[in-house]
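Work through the exercises below with the sequence and the model open. Each task is followed by a solution in steps.

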Amino acid sequence: MNKEILNLVERVFIFLKLEDFSKLKNILSMIEKEFPNYYKFFENFKDKSMGEKASDILSNVFDSLTLGGSPLALLGKKAEKEEKEKELISQKGLLKDEIRKILKNYSESSEEKSFLEFLLGKI
């Protein structure tokens, strides 16, 4: 796997680690079974660090706080959440576009091409 592709896949995994860790874990377990040669490059993404776990817990606590009986989340959090969802969709689209661009360079079938097609379908 060349350096450009390795960097792209790492960016995809960093994105998933921050935004959808359960999806990342599922993808990694599939890679371990279907593409064991590539799994060794990415197995370090399978665990969350303590800092990331603490950040998730704090985020959940802050999201559930209330003010005067009504959730603070209702006071502008809905708009913030919608904006974040749009941003996530945009980031995911950009990553998918980069993978598609790389896939155009492959004329013949290869393990690397199959891996990228697999990843494109899963993110």
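## Exercise 1: Salt bridges

In this predicted model, the side chains of E19 and K84 form a salt bridge, at 3.9 Å from N to O. Task: find which helices hold E19 and K84 and how many residues apart they are, then classify the exposure of E19 and of K84.

Solution.
1. E19 belongs to helix α1 and K84 to helix α5. The two are 65 residues apart, so the pair links distant parts of the chain.
2. The relative accessible area of E19 is 34%. Partly exposed covers the range between 20% and 50%, so E19 is partly exposed.
3. K84 has a relative accessibility of 46%, and therefore counts as partly exposed too.

Task: state how many salt bridges the chain has, and describe the one between E98 and R11.

Solution.
1. The count comes to three salt bridges.
2. In the pair of E98 and R11, the closest N and O atoms are 2.3 Å apart.
3. This pair also links distant parts of the chain: E98 is in helix α5 (residues 77-103) and R11 in helix α1, 87 residues apart.
4. E98 is partly exposed at 32% relative accessible area, and R11 is partly exposed at 39%.

Task: locate the salt bridge between D97 and R100 within the secondary structure.

Solution.
1. The N to O distance for D97 and R100 is 3.1 Å.
2. Both residues lie in helix α5, three residues apart, which is about one turn of the helix.
3. D97 has a relative accessible area of 43% and is partly exposed; R100, at 40%, is partly exposed as well.

## Exercise 2: A lysine without a salt bridge

Task: decide whether K113 is buried or exposed, and explain why E117 does not give K113 a salt bridge.

Solution.
1. K113 is found in helix α6 (residues 111-122).
2. K113 is buried.
3. The nearest side chain of opposite charge, E117, is 4.1 Å away. A salt bridge requires a distance within 4 Å, so this pair is not counted.
4. Apart from neighbours within four places in sequence, K113 is in contact with L103, Y106 and E108.

## Exercise 3: Aromatic rings

Task: classify the ring pair of F13 and F42, and place both residues in the chain.

Solution.
1. The count of aromatic pairs in the chain comes to eight.
2. For F13 and F42 the ring centres are 5.0 Å apart and the planes stand at 90°. Planes over 60 degrees apart count as edge-to-face, so this pair is edge-to-face.
3. F13 is in helix α1 (residues 3-19) and F42 in helix α3 (residues 36-42), 29 residues apart, and the pair links distant parts of the chain.
4. Both F13 and F42 are buried.
5. F13 and F42 belong to one aromatic cluster, together with F35, Y38, F41, F45, F115 and F118.
6. K40 lies over the face of F41, which is in that cluster; the distance to the ring centre is 5.7 Å.

## Exercise 4: The whole chain

Task: give the order of the elements and the percentage of residues that are buried.

Solution.
1. The chain has six helices and two strands. From the N terminus the order is α-α-α-α-β-β-α-α.
2. Of the 123 residues, 28% are buried.
3. Among contacts with a separation of 6 or more, 67% are between residues 24 or more positions apart.
4. The accessible surface is about 8,400 Å², and 53% of this belongs to carbon and sulfur atoms.

Terms used. Residues numbered from 1 in each chain as written. Predicted model: local features only at pLDDT ≥ 70, side-chain atom pairs only at ≥ 80, totals over all residues. Heavy atoms only, no water. Phe/Tyr/Trp six-rings, centres within 6.5 Å; stacked < 30°, edge-to-face > 60°. Helix = DSSP H or I, 4+ residues; strand = E, 2+ residues; numbered from the N terminus. Buried < 20%, exposed > 50% of the residue type's maximum accessible area, 1.4 Å probe, protein only. Lys NZ or Arg CZ within 6 Å of the ring centre and 35° of its normal. Contact = heavy atoms within 4.5 Å. Areas by Shrake-Rupley, 256 points an atom, 1.4 Å probe, with all protein chains shown as cover. Lys, Arg positive; Asp, Glu negative; His and termini not counted.
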